[in-house]
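Trainee: I would like to go through this structure with short questions. Please reason each one out for me.

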Amino acid sequence: MAPHPVVQAIIDFTAGAAGGTACVLSGQPLDTVKVKMQTFPAMYRGFIHCFMSTFRQVGVRGLYKGTSPALIANIMENSVLFLSYGFCQDVVRSLFNMEAARELSDIQKAFSGSLAAIFTSSVLCPTELVKCRMQAMYEMEASGKIARGQQSMWTVVKTVLERNGPLGFYQGLTTTMVRDCQGYFCFFGGYEVSRSMFAHYMGTDKEGIGILPLMFSGGFGGACLWLLIYPIDCVKSRIQVYSLAGVQEGFLKTLVEIIRNEGVSALYSGLMPTMVRTFPANGALFLTYELTRTFLMDAAVP
């Protein structure tokens with residue numbers, strides 16, 4: 001027997017929050033390297049150079065810069081994402097005139113994830129703006145784009161409010177929405193297809209494939225997402241970080257300027273740490289989500 005819809009929503013919300021926490025704690029250092037390479041590609045020769053330079057300049061603390069807003073962002077994003085994902089699955093069933101209890105195909109689940117991204121973008125954009133600015137703070141100060149002494153999260157928040165008001169937190173919202181609607185189609189699609197292939201090979205259902213195949217499927221979904229959306233994410237990071245210095249360009253203008261001044265390759269700066277990060281981070285996300293959801297579902301339905 002399925003739990004009450006309100007109980008189901010609470011379960012999805014809680015499991016998403018747990019998964020988001022696991023994702024940040026396992027992948028934050030490499031996410032910091034990604035943002036630095038996206039916003040200041042000329043400063044670093046590559047992934048290892050950026051990682052070691054950050055470690056030498058500000059220590060381990062520098063690699064975890066922006067962890068607080070990242071935790072807030074991921075807990076909020078994944079709570080809303082998985083809550084919306086369940087709701088959007090019901091919407092897709094209605095669109096295809098399917099029974100409420102019928103299992104969706106992998107492509108239909110991917111489409112549900114894409115719809116869910118509409119809800120998550122408005123939640124994610126403000127916290128991701130603060131996170132990206134904190135992660136690239138050292139480079140912004142070193143390049144003279146901003147004055148020193150703006151290192152704390154609350155200083156960044158105060159600066160945004162003073163210069164742009166509450167709407168300042170939504171710089172890059174359009175880019176975030178464009179990125180996530182495409183990305184989450186691949187994210188959930190890759191995850192579900194990988195689980196289906198493991199289930200077929202092992203002669204079981206998706207729930208019986210075990211921990212390692214489940215984590216691999218989460219990483220595979222993340223890899224599909226990033227390979228598609230990485231150039232868009234690079235533009236988003238530039239908009240959000242450079243707006244700290246008063247430079248606020250739109251998506252198309254920023255994209256054209258990057259290609260004209262730095263070449264297409266600049267749009268993929270930082271891809272390597274992102275791909276390295278995606279398997280442990282998204283593996284931990286889906287493993288924690290599935291385990292938490294299963295535990296809560298068992299508790300809710302004796």
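Trainee: How many residues has helix α9, and what span from first C-alpha to last is expected at 1.5 Å a residue?
Mentor: Keep in mind that this is a predicted model. Helix α9 covers residues 251-262, which is twelve residues. It reaches 16 Å from its first C-alpha to its last. That is close to the expected value, 16 Å.

Trainee: Which residue takes a positive phi just after α9?
Mentor: Look at the position that follows the helix, where phi is about 90°. The residue there is glycine 263.

Trainee: Which residue has a positive phi although it is not a glycine, and is it buried or exposed?
Mentor: The residue is asparagine 97, with a phi of about 55°. Asparagine 97 sits in the loop between α3 and α4. Its relative accessibility is 72%, and the cut-off for exposed is over 50%. So asparagine 97 counts as exposed.

Trainee: Which helix supplies the largest share of the largest nonpolar core?
Mentor: This core has 25 residues, and those touching the most other members are Leu81, Phe82, Tyr184, Phe187, Phe188, Leu225 and Phe286. At least two residues each come from α1 (5-39), α3 (67-95), α4 (106-135), α7 (173-202), α8 (211-242) and α10 (271-300). The largest share is six residues, and it comes from α10.

Trainee: Which residues does phenylalanine 286 touch, leaving out those up to four places away in sequence?
Mentor: Phenylalanine 286 is one of the core residues that touch the most other members. Its contacts beyond four places in sequence are Phe82, Phe187, Phe188, Tyr191, Leu214 and Gly218.

Trainee: How many residues form the other core that lies apart from that one?
Mentor: Its members include Val156, Val157, Val160 and Phe169. The count for this other core is nine residues.

Trainee: Valine 24: buried or exposed?
Mentor: Valine 24 is found in helix α1. Leaving aside neighbours within four places in sequence, it is in contact with Thr67, Ala70, Leu71 and Asn74. Its relative accessibility is 2%, so valine 24 counts as buried.

Trainee: How many Å apart in space are valine 24 and serine 269, C-alpha to C-alpha?
Mentor: In sequence, valine 24 and serine 269 are 245 residues apart. In space, their C-alpha atoms are separated by 21 Å.

Trainee: Is glutamine 89 buried or exposed?
Mentor: Glutamine 89 lies in helix α3. Beyond four places in sequence, it touches Leu104, Lys109 and Ser112. Its relative accessible area is 14%, and the cut-off for buried is under 20%. Glutamine 89 is therefore buried.

Trainee: Where in the chain are lysine 206 and aspartate 106, and how many residues apart?
Mentor: Their side chains meet in a salt bridge, 2.7 Å from N to O. Lysine 206 is in the loop between α7 and α8, and aspartate 106 is in helix α4. The pair links distant parts of the chain, with a separation of 100 residues.

Trainee: Why do lysine 206 and aspartate 106 count as buried?
Mentor: Buried means under 20% relative accessible area. Lysine 206 is buried because its value is 15%. Aspartate 106 is buried because its value is 18%.

Trainee: Which residues are linked with lysine 206 and aspartate 106 in a network of salt bridges?
Mentor: One pair in this network is arginine 195 and glutamate 192, whose closest N and O atoms are 3.2 Å apart. Both arginine 195 and glutamate 192 are buried. They are three residues apart in helix α7, so about one helical turn separates them. With Asp106 and Lys206, the network links Glu103, Lys109, Glu192, Arg195, Glu207 and Glu290.

Trainee: What separates lysine 158 and glutamate 162 along helix α6?
Mentor: Their side chains meet in a salt bridge at 4.0 Å, N to O. Glutamate 162 counts as exposed, at 59% relative accessibility. The two are four residues apart in helix α6 (residues 153-164), so the separation is about one helical turn.

Trainee: Which residues form a nonpolar patch on the surface, and what is their accessible area together?
Mentor: One member, phenylalanine 55, lies in helix α2 (residues 47-63). Phenylalanine 55 counts as partly exposed because its relative accessibility is 37%. The patch consists of Ile48, Met52, Phe55, Val60 and Tyr64, and together their accessible area is about 450 Å².

Notes: Residues numbered from 1 in each chain as written. Predicted model: local features only at pLDDT ≥ 70, side-chain atom pairs only at ≥ 80, totals over all residues. Heavy atoms only, no water. Patch = residues over 30% accessible without salt bridge, like charges linked within 9 Å, V, L, I, M, F, W, Y side chains within 5 Å. Areas by Shrake-Rupley, 256 points an atom, 1.4 Å probe, with all protein chains shown as cover. Buried < 20%, exposed > 50% of the residue type's maximum accessible area, 1.4 Å probe, protein only. Core = buried A, V, L, I, M, F, W, Y, C linked by side-chain atoms within 4.5 Å. Contact = heavy atoms within 4.5 Å. Expected span 1.5 Å × (residues − 1).
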